[in-house]
Amino acid sequence: MTSIIDETAPPLPRDASPDDATSSWLADLGTTLRSGAVFILLAALLFGFSAAEPAFANLGNLMSILQAVAVVAILGAGVTVTLAVGGFDLSIGAIAASSVMAASYAMIVWGLDAIATVPLVLAFGAFIGLVNAFLIVRLKVPDLLATLSMMFLLSGLQLIPTAGRSISAGLILPNGATATGAYDPAFLLIGRFSLFGVVPVSVVLMTLVAIALFVLTERTRVGRLLFATGGNEVATRLAGASTARLKTLAYVISGTLASLGGIVIAARVGRGDVSSGGSLLMDAVAAALIGFAVLGKRRPNVLGTIVGAVFVGVLLNGLTMLNAPYYTQDFVKGAVLVGALALTYGLGRGNS
Amino acid sequence: MPLLHVDALSRSFQSTRALAGATLTIDAGEIVALMGANGAGKSTLVKILSGVLPADSGTITLSGQTYAPRTPAEAAAAGVVTVHQSTDLIGAAGLTVADTLLLTRFSQRGQPFFVSRASIRRQAQAILDAAGFDLPLDRDFADLTAADRQLVAIARALANRADLLILDEPTASLSIAESQRLFTILKRLRDGGLAILYISHRTADLEAIANRVLVMRGGAVAGAFKRPIDFAAAIETMIGRKLQSARPGIRNTEGPPVFEMRDAQLRSDSAPFDLVVHTGEVVAITGVLGAGKSRLLSAIFGASRLAAGDMYLDGRLHRPKTPAEAIAAGVAMAAEDRHRSSLMPANWPGSSLAATISLPHLSKWYPHGLLFGGRERREAEKAISRLRIKASGPQAPIASLSGGNQQKAVLARWEAEPSRLLLLDEPFQGVDVGARYDIIKAIRSRSDRATLIATSDPEEAHEVADRILVIDHHSLAAVPHGTPSRLSEETHA
């Protein structure tokens, strides 16, 4: 019952009393503030941290913030796509972690170079996405359960080839042989090189992923159909679209992006650590959910996800510089998420 | 003293005045019908009376006392109970009829913590006896017909002392026989002293039971009609202009056959039937809820399968496995219940009027994949002027449109690209008389395709169709050409 128009009656006289004018002006201001809230807070944080700690504002530190959030932002973009089709991918953290192991194994045990390793790992992520989609679309397993089981499966699977050891040069294999390969220096550049000495490759990758997925979801026919699947699956099918194919696409994108995140981690760390990627899933989901509040969209959106990831990164970096202890980090992330969700769902309801 | 006296009641939503000084009275022991186009303020009035919304100004007096309920529970305690249109929400699968009848009682304070089956049955039977209904107490709620669900809702509403019963479109999904049963019960309740406020678009219903008709327009009561009720005048008051015959003449519809079904069986245990639809023809299929209307249309559209038999489109075998194949072959379908089958939720990408129209045509209109070029905006502008859609523009959120205009948008979606056969399942659900006229005119103005319409309302079928078929037990039986039903004669007299 917002603005239902009578079919034939002449327009109703509108009360232009000063009371109404003031309240609608206030309502407009409220809407503007709500949709810009995350940006306003982000600006306030940047300003506040720079004032409190001048070293915060230098270019190097800002780039290191972006580098720190790059992996979370890339995974979050994948989460956003699965949210758009009305699904959820809990396996992204495990895919990223197994991709770290897969990349290390490929180079150290099989002796592959960067040119072979990167496509191989991306294909691994895409394949896991396909399996997820098969479980969800074909076998009709509920998305949370399917990807949760996949998460378990992958966390276990990554330990098997090395009998639970982390992978670094000179790894002793389960059969007693010593691995002869090493990390390809070209591969390590993905995590350690900076364009013009300023912009890290991972930040460039994050930007490319952000642009590509933003265009895909918001400006293409496929993106419209992805959202349509999540918005009303019956209507999308009755409009002649294959929702099975669209969902499959979403999970493949999510899996591939997760393995790209894994590649970035592997290239930065330079070894295959069994415990890598612990909080990736939660951080990526949080970024996607904080994204709901950006521009007042109240729905998954890629731009929001990236801003959400950067927002958390800025906050954590600034607090660390101000000597906040490391163990407060999760609390800060949680508080931001709670605030963003309250902003998205709670405050916006009154006027709509 | 009247039972209920509503005086100058107003309520606004932002800049829209949904209710602008509505004044009316209802006496005990009468059935008052409330008519009005979509957006006339009927549902706002009902929401205020039932405690869902507060009024901005105006007063309500109930049995001489000031009445301003803040919650539905307060309204019920004061003796005003409401049965809403969608009665599938009053219970849930897994609950029996007895459970459903007692659901509101379970949530009241002071009820015992432990319940036994026997006590539930006893209390439920008492509720049914009080209302005078006969329903199977142990039947699962999910297995009830729409009519029985309606009765469960009414019985539950009357379980506690009630002075005023508000019914919102109670016959929307009932067959004629089921409606008659409901009317008998309502008349008995009225004769027992209950006041009933009855909201409906269906003049045949109102003719049958209403003591008085109130017509709302622009948020106020624009007219009151006593028996014998002049429905033509009531409808003219409601839509604010002269009533034209919504049926624009008999046309020559002897074009070549477009679509044929031979020895078709919707279910393996139903009787086989044939169906031929000609170019330019508008054929309506009527039948009670569950008779197989939707099943028939969805089989033609590839959303379900025929149990046996063949279909031919333009003489070629038509056997779509998915809606996409049916669309490619030239079949379009606007399915029943537009919110579930056609529209995107509010604030979601694709929830604008233009995107609602473009959804099935994206690959044709944007062959390169990028949504640039404004094709959907132009198509939406065309549809807005052709179908007289009331909207602020192509980017208007579909949720901001009234029911009739949403339905026009769904029709515009499937008329945006040429088709050979258009299937419309209950295209007049929640559509007022004015919008219905526009939709019928648009449907009947096309001679390049055939149109097959499923509706449970014979009056609607007669208004829109060249030919009416009746479906029963998942099989078709023809009705002789051009025989108007009694109902529609009365309405258009």
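**Exercise 1. In which sense do strand β17 (residues 421-425) of chain B and β18(B) pair, and over how many bridges?**

Ground rules: this is a predicted model, where local features need pLDDT (the predictor's confidence in each residue, from 0 to 100) of at least 70, side-chain atom pairs count only at pLDDT 80 or more, and totals for chains, interfaces and linings use all residues. Residues are numbered from 1 along each chain as its sequence is written, while chains are lettered from A and ligands numbered from 1 in the order in which they are written.

Solution.
- Strands here are DSSP E runs of at least two residues, and helices are H or I runs of at least four, numbered from the N terminus. Two strands pair if DSSP finds at least two bridges between them.
- β17(B) and β18(B) pair in the parallel sense, over 5 bridges.
- B:D425 sits opposite B:A454 of β18(B).
- Add helix α16 (residues 433-444) of chain B, and you get a right-handed β-α-β unit: with the strands pointing away from the viewer, the path from the first strand over the helix to the second runs clockwise.

**Exercise 2. Find the other partner given for β18(B).**

Solution.
- Look at β13 (residues 282-286) of chain B: 5 bridges join it to β18(B), again running parallel.
- Here B:I285 is what stands opposite B:A454.

**Exercise 3. Work out why β18(B) is largely enclosed by the rest of the structure.**

Solution.
- Buried means 20 or more other C-beta atoms within 10 Å of a residue's own (exposed: 12 or fewer; partly exposed: in between), with C-beta atoms placed from the backbone.
- In β18 (residues 450-455) of chain B, 6 of the 6 residues are buried, so the strand is largely enclosed.
- One side holds B:A450, B:L452 and B:A454; the other holds B:T451, B:I453 and B:T455.
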